[in-house]
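Below are some notes on the aromatic side chains, for your reading alongside the model. Please go through them point by point.

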Amino acid sequence: MSTAPPPARPVPPVSSVLIDDIGALVTNDTALGAGDLGEVAGAALVVESGRVAWCGPRSRAPAADVRVDAAGRCVMPGFVDSHSHIVFAGDRSREFGDRMSGRPYEAGGIRTTVAATRDASDAELLGNATRLLREARAQGTTTLEVKSGYGLSVADEERCLRAAARLTGEVTFLGAHVVPPEYEDDPDGYVDLVAGAMLEACAPHARWVDVFCERGAFDEEQARRVLRAGRDRGLLPRVHGNQLGRGPGVRLAVQEGAASVDHCTHLEDADVAALADSAAEGPATVATLLPGVDFSTRQPYPDARALLDAGARVALASDCNPGSCFTSSMALCIALAVREMRMTPEEAVRAATAGGAEALRRDDVGRLSVGARADIVLLEAPNPVYLAYRPGVPQVAAVWKDGELVAGRP
């Protein structure tokens with residue numbers, strides 16, 4: 001007589017998941033719930049095929065294949081970090097220490113990372129970026145924009161973008177980060193290279209083109225040329241501007257229809273008005289604020305209150321990079337925005353989710369309403385205010401990306 005075990009029964013695939021007993025559900029859809037966050041108390045959410053299929057009061061929740069108990073905790077959209085520089089090599093901790101001892105930050109420090117990045121192998125660049133992506137994801141970031149900008153040669157910019165494209169669909173060509181040493185005496189010649197052979201090689205791997213329009217980097221005419229060359233090759237524009245002082249960055253971004261202008265630390269009234277007008281007329285040029293940079297460089301913080309009160313669109317992002325802000329924590333950025341930039345907790349949470357989505361011109365992330373991607377964060381907290389209320393304390397219990405659990409546990 002055979003003693004073989006009976007064949008295993010096939011396990012039916014899971015087609016739907018119910019996240020139940022949610023204390024506070026942040027939808028970012030004001031039609032669904034209270035306040036600017038569209039918050040629903042005593043809620044539930046159903047995920048099917050990587051998308052939100054239903055959300056609302058738990059008493060009305062439909063059945064699903066699997067139930068996840070939120071146990072009264074807060075559920076919110078994953079963070080949308082629309083500004084990072086995680087493809088790099090080398091270490092600049094000594095530079096940070098010097099800066100904290102009184103040396104001011106200057107854009108030229110980027111060249112230190114350029115030298116290390118050029119010396120690194122493709123595997124080293126991808127490995128470091130993968131580690132940082134994993135770190136960000138564990139902290140609730142489900143959409144991450146990644147820039148080049150530490151290669152500054154045709155070959156090195158292209159390989160940095162190839163690495164970035166293996167990690168995210170939001171890839172930005174930033175050949176115009178600073179002028180590399182070999183072009184120090186010929187910055188216009190470097191712009192020729194960026195707008196020509198470098199862009200030709202890099203455009204197939206990117207969605208966006210960016211430029212650092214700032215003293216020590218590129219002036220308005222040079223920056224405009226790069227943005228327009230990128231647009232001619234199908235890339236959408238973004239701008240680094242007004243970080244180190246007043247300048248043309250915001251004006252350039254609005255005139256060129258950029259999706260965002262990032263930093264915005266030093267603004268004139270005309271800059272605020274231009275950003276507000278772009279929001280009213282649409283599509284908005286989003287003011288992406290990077291408080292981690294100002295924390296790490298002891299620079300003034302942007303006046304988020306003036307931007308919001310004027311009607312401008314505002315996003316928060318990490319600017320994770322090895323020089324001026326080596327953090328991947330969007331929760332830290334929220335806490336800084338509330339404490340130092342006079343944003344309310346609700347405004348800061350929205351800016352770190354829906355605001356980042358708008359800065360990337362995405363409508364499928366940054367919200368948890370029907371049809372959105374199921375990019376979900378379960379907080380170890382009853383409401384989203386805890387992200388600012390308990391700074392420095394881990395608040396993320398679990399993270400889902402496209403409906404798949406990718407970090408933590410419920």
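1. To start with burial: F218 has a relative accessible area of 2%, so F218 is buried, the cut-off being under 20%. Please keep in mind throughout that this is a predicted model.

2. The partner of F218 is Y190, and the two rings are stacked, with 6.3 Å centre to centre and 25° between the planes. Y190 is at 0% relative accessibility and therefore also counts as buried.

3. Where do Y190 and F218 lie in the chain? Y190 belongs to helix α5 (residues 187-202), while F218 is in the loop between β10 (208-213) and α6 (220-232). The two residues are 28 residues apart, and their pair links distant parts of the chain.

4. A second pair, Y386 and Y389, is edge-to-face: the centres are 5.1 Å apart and the angle between the planes is 80°. Both residues lie in helix α14 (residues 386-389), with a separation of 3 residues, about one turn of the helix.

5. Are Y386 and Y389 buried or exposed? Y386 has a relative accessible area of 23%, so Y386 is partly exposed. Y389 reaches 59% relative accessibility and therefore counts as exposed, the cut-off being over 50%.

6. The count of aromatic pairs comes to 5. Ring pairs also join F88, Y150 and F326 into a cluster.

7. One contact involves a charge and a ring: R238 places its charged end over the ring of W208, at 4.3 Å from the ring centre.

Terms used:
Residues numbered from 1 in each chain as written. Predicted model: local features only at pLDDT ≥ 70, side-chain atom pairs only at ≥ 80, totals over all residues. Heavy atoms only, no water. Phe/Tyr/Trp six-rings, centres within 6.5 Å; stacked < 30°, edge-to-face > 60°. Helix = DSSP H or I, 4+ residues; strand = E, 2+ residues; numbered from the N terminus. Buried < 20%, exposed > 50% of the residue type's maximum accessible area, 1.4 Å probe, protein only. Lys NZ or Arg CZ within 6 Å of the ring centre and 35° of its normal.
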